[in-house]
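Reader: I'd like a close look at one part of this model, the place where the two chains meet. Could you walk me through that contact and the pieces of each chain around it?

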Amino acid sequence: MTSVFGDKRSIALLLGPALLFYSLVMLLPMLWSLGYTFFNGSVITGFDFAGLANFRKLFDDPALMPAIWFTVKYAVCITVGQVLMGYGLSLLYLFFLKHAGGVIRTLVFFPVVLPTVAVSLLFQKFFEYAPQTGPVNSLLDAVGIGGIDWFGSAGKAFVVIAIMDIWRSMGFYAVLLYAGLLDIPDELIESAALDGANGWRLIKNIIIPLSLPVLVSSVVFSINGTLKAFDSIYALTGGGPGTSTTPLTLYMFQTSFSYGDYGYGATVALTLTLICLLVTVVIFRATRRDTVPR
Amino acid sequence: MATVITNSTSLAADPGPASQRRRGFRKVARRLPGYLCVTVLLVVVVYPLVWLLLGSLKTQDEFLNDPTYSLPHSFTYFSNYSTAWSAVAGYLRNSVLAVFPALGLVILLGTAAGFALEVLVWRGRGATLLLFLAGIMIPGQMILLPLFTVYFKLGLTGTLWPLIITYTAIGLPLTVFMMATYFRAIPREVFEAATLDGATVIRSFFSIAFPMMRNSILTIALVQFFFLWNDLLIALTFTTDDTKRTVQVGLLNFTGQFGVVQYGPTFAAICINVLLILVLYVVLNQRVMRGLSAGAVKG
């Protein structure tokens, strides 16, 4: 039996195509991209060897640090927002809506599957200042605060980005965390309630500790996604005003395709990859210490 | 303190209709914050979409002269849609032609690889699975430039091939990983029995494993569909030709093309995108939710 399931020809036939595709289109380009970091130029202008010049440029680049800073700020703010909103919603589903929440869960989840570009354009119009006043500014006008030029300054543009991305993804994290909360045995919650724990104390002492694993995986998943975010920011602000909302992903894209500098673009991409790896390793380390006391 | 006192008095007195009504009031009062939360939530989630739909039915004149929150004068003004459709239809065709072949390939290759990695027995399968898993972490930016170089040199940049090829590769890591997980749940005896009946490994993959996995395959296909359909980065990079743009890239251009001048068609174009997805979502929402969160927990 083992020899049948160990048949080399069948293994090659079943695994071969996927492995070949994956290696040729993902793994090989990754290594190739590493090679690019030692070159200047682009596919149109041709390449010439630059040695470590791209890495030296990395340290002198005045645009790089703001891009890294924005990437980190974005990842942290959006992750906190997404997971907190999602957790709040999942508690609402669990305690308030119980079994009748199907329709609401479905509605709140819907933005998750919407095309990012469509959502970005919608929010652009929703927060528009000029030439047409969007509903948000109309509301602010009516309240007496006066309209705000949301896309005119870095801070305000970031607020819109954050609102949009949290709006887009909270339903997803709500369902994810809700599934985690459902795994907590009902008897545990009931007996804690009988022992006098209710409201905030029940959540703090029972629910949060028991749902920590799924909370952690949500955070890891969210960080992994937000560090790579590109579509929503590109479509909403295009990185502006100026370059004030430009994350590393967008900076890499601009360096490579707007300025035609593949070598440096690859170096920026490598920086992004290293940050992703570093953050993931740090989170896994930190959470392992928390969840497995010794 | 006050609640404690009322509690004890209502317990002491015999439960007449008055106290029952009071208890009913209290129950409603306690649930009020919950209802408030749900109401706010629904407004926040639904209003932008309703506003979008209403906007797509407005004339240019209404956009310029009425406040943005007002209702359209007529709910049967569809000329925005015909204007938008003439521009969007081509983009939609490109998206379909790029996403569905890639989806088919991802599912076929991914399921076969998952089968080889989980059901078949050989040395190094753990390492190979890890190799695929690493692909989930890699930012798309890392493979963009070499691929662009190759596609450019092969003269593929004016076609949809770069998208089909890249989408297939991007979709593989998660698909292989989830398929391997799903195959773990199928008892090995099923495949052993098939082998005893004389089926080759390939035969038992196509006649037994593939049909048995129908539900899992549909789930993964849906998840991948949403990922690929919503992609912007790859489509933006590899479609240099306007006639080969996908919906996402086309939509991005749409505002530029019509500028601030044409509100209605822009709203209608966004709306077409949203409605298309809505139809799919309404039919399959349970599966979508389950699939996306399963992918997240394991990824």
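Author: Let's begin with chain B. This is a predicted model, and in it the elements of chain B, read from the N terminus, run α-α-α-α-α-α-α-α-α-α-α-α-α. That is 13 helices and 0 strands. Chain B has 299 residues, and buried ones make up 50% of them. If you take the contacts within chain B between residues at least 6 apart in sequence, 73% join residues at least 24 apart.

Now for the contact itself. Chain A brings 82 residues to it and chain B brings 93 residues. The area buried between the two chains comes to about 8,300 Å², with carbon and sulfur atoms giving 83% of that. On the chain A side, A:Phe5, A:Leu14 and A:Phe96 stand out: they supply 10% of the area that chain A buries against chain B, more than any other three residues. As for which part of chain A does the touching, the largest share, 19 residues, comes from helix H2 of chain A, residues 8-36. Sort the chain A side by residue type and you get 61 nonpolar, 16 polar and 5 charged.

What about the polar side of things? The count of salt bridges between chain A and chain B is 0. There are, though, 14 residue pairs in polar contact across the two chains, counting pairs where both residues are at pLDDT 80 or more.

H2 of chain A turns up again when you look at helix H5 of chain B, residues 125-137. The buried residues of H5(B) are B:Thr128, B:Leu129, B:Phe132 and B:Gly135. Looking down the axis of H5(B), you'd find these within an arc of 100°, so they line one face of the helix. That fits a general point about helices: with 3.6 residues a turn, residues three or four places apart point the same way. What do the buried residues of H5(B) pack against? Their partners are H2 of chain A, plus helix H4 (79-118) and helix H7 (161-184) of chain B. On the face of H5(B) turned away from the buried side, you'll see B:Ala127 and B:Leu130, both exposed.

Two chain A residues that touch chain B are worth zooming in on. A:Gly134 sits in the loop between helix H6 (116-126) and H7 of chain A. A:Gly134 counts as buried because its relative accessibility is 1%, and the cut-off for buried is under 20%. Leaving out residues up to four places away in sequence, A:Gly134 touches A:Lys125, A:Phe126, A:Glu128 and B:Thr68. A:Gln124 is 10 residues from A:Gly134 in sequence, and their C-alpha atoms are 8.6 Å apart in space.

The other one, A:Ser138, is in helix H7 of chain A, residues 135-143. A:Ser138 is buried too, at 13% relative accessible area. With the same neighbours in sequence left out, A:Ser138 touches A:Thr133, B:Thr68 and B:Tyr69. So B:Thr68 is on the contact lists of A:Gly134 and A:Ser138.

One more piece of chain A to look at is helix H13, residues 248-258. H13(A) is mostly covered, with 9 of its 11 residues buried. Among those buried are A:Leu248, A:Tyr251, A:Met252 and A:Phe253, and also A:Thr249, A:Gln254 and A:Ser256. After H13(A) comes A:Gly260, with a positive phi near 65°.

Technical notes
Residues are numbered from 1 along each chain as its sequence is written. Chains are lettered from A and ligands numbered from 1 in the order in which they are written. This is a predicted model: local features need pLDDT of at least 70, side-chain atom pairs count only at pLDDT 80 or more; totals for chains, interfaces and linings use all residues. Side-chain values use heavy atoms; hydrogens and water are left out. Contact means heavy atoms within 4.5 Å. Buried area is the accessible area (1.4 Å probe) that two parts lose on being put together, summed over both. A salt bridge is a side-chain nitrogen of Lys or Arg within 4 Å of a carboxyl oxygen of Asp or Glu. A polar contact is a pair of N or O atoms within 3.5 Å; within protein, one must be able to donate a hydrogen and the other to accept it, and residues adjacent in sequence count only if both atoms are side-chain atoms. Helices (H or I, at least four residues) and strands (E, at least two) are DSSP runs, numbered from the N terminus. Ala, Val, Leu, Ile, Met, Phe, Trp, Tyr, Cys and Pro count as nonpolar, Asp, Glu, Lys and Arg as charged, and the others, Gly among them, as polar. Buried means under 20% relative accessible area, exposed over 50%, partly exposed in between (1.4 Å probe, protein chains only). The arc is that of the directions from the helix axis to the C-beta atoms.
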